[in-house]
Each structure stands twice: as structure tokens, then as C-alpha cells.
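Open the model in a viewer and keep the selection panel at hand. The stops below go from the whole chain to single residue pairs.

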Amino acid sequence: MAGSAVCAAILHGARGLTNALGAIAEVRRDEVPVLYIVGMPSRASAKFLPPHGEPDLIHSASAFAKVAYDCSAAATAEDYVAVVTQAVKAISQLPYGPVLLGVPQDLLQEAFIQSELLSTDLSDDSENTTY
């Protein structure tokens, strides 16, 4: 696992995330470092609100987590890697707690990240921010 994370979970969009909110709140209360990866609708279909998508889903659910990040606005591979890197760094920062990472389907399907971007140093202790 990355950083101090003790486990990770993959959740399916709005239904998976909303069903897990009680457990995420408990993980926050117990200060357990967990990464929750939330599969979001592709950016092209999100505007039609498919059943697994809701407007501002990650932002709304962030009230139950330590911090939340959404990759939906990533325009380049560098933007995507930067958001994922912030999420991984947040796992190791005190106080520990759940970190949400929303990733649209189209970003998960495409092979667009150059190998040099994957060697990003995760040791920097930058400030946690909700996106």
C-alpha cells in the first residue's frame, strides 16, 4: 500500500459511495488511513447523469472523509498524476483518515501517462486540499 494506508476500497460511483458513507465516517472517527477509489462516469457521459453519477458527488461526500480529490477536471496526464499524487500523500499525513479519490471511467480506460510521470516523489508533505 502507498504511504501509511492500511487498506483500499474501490467503490462504484454514487451507489457504492453513498452506501459506504457510514463506514467511511467510522474510519474517519477511528483515524484509519484508507484510500477509497470511486469509479465515476466518463467525463463525456457525466453531463447526462447516468445512474452511477451525481453532480458534485465527491465534494458532497467529502464531509465524511478526511479529504477528497476528484480527477474529473484533469485535462492532461500531468494534471491527473498531480491529483492522484496529492491523494496518496494525504494518506500519510496526520491526522490519519479516509481519503476519497474520484476517477472517471475514461481516465481509467486510457493509457496516456508517460512512464517518467510515474516516478513522482510522494515524500513531499504538501497541504491537504479538497478538489
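Two strands count as paired if DSSP finds at least two bridges between them. That criterion applies to the strand stops of this tour, which is made on a predicted model.

**Whole chain.** Select the protein chain and colour by secondary structure. Four helices and four strands appear, and along the sequence they follow the pattern β-α-β-α-β-α-β-α. The chain has 131 residues, 40% of which count as buried. Turn on the surface: the accessible area comes to about 7,100 Å², with 56% of it belonging to carbon and sulfur atoms. For contacts between residues at least 6 apart in sequence, 81% join residues at least 24 apart.

**Strand β2.** Now select residues 34-40, which form strand β2. Is this strand enclosed by the rest of the structure, or open? Five of its seven residues are buried, meaning under 20% relative accessible area, so strand β2 is largely enclosed.

**From β2 to β1.** Add residues 7-12, strand β1. β1 and β2 pair in the parallel sense, over six bridges. To find a matched position, show Ile-10, which stands opposite Ile-37 in β2. Then add residues 13-29, helix α1, through which the chain crosses from β1 to β2. This β-α-β crossover is right-handed.

**From β2 to β4.** Hide helix α1 and select residues 98-104, strand β4. Which way do β2 and β4 run relative to each other, parallel or antiparallel? They run parallel, joined by seven bridges. Here the pair to show is Val-34 and, opposite this residue, Pro-98 in β4.

Definitions and conventions. Residues are numbered from 1 along each chain as its sequence is written. This is a predicted model: local features need pLDDT of at least 70, side-chain atom pairs count only at pLDDT 80 or more; totals for chains, interfaces and linings use all residues. Side-chain values use heavy atoms; hydrogens and water are left out. Helices (H or I, at least four residues) and strands (E, at least two) are DSSP runs, numbered from the N terminus. Buried means under 20% relative accessible area, exposed over 50%, partly exposed in between (1.4 Å probe, protein chains only). Contact means heavy atoms within 4.5 Å. Accessible areas come from the Shrake-Rupley method with a 1.4 Å probe; for residues, only the protein chains shown count as cover. A crossover is right-handed if, with the strands pointing away from the viewer, the path from the first strand over the helix to the second runs clockwise.
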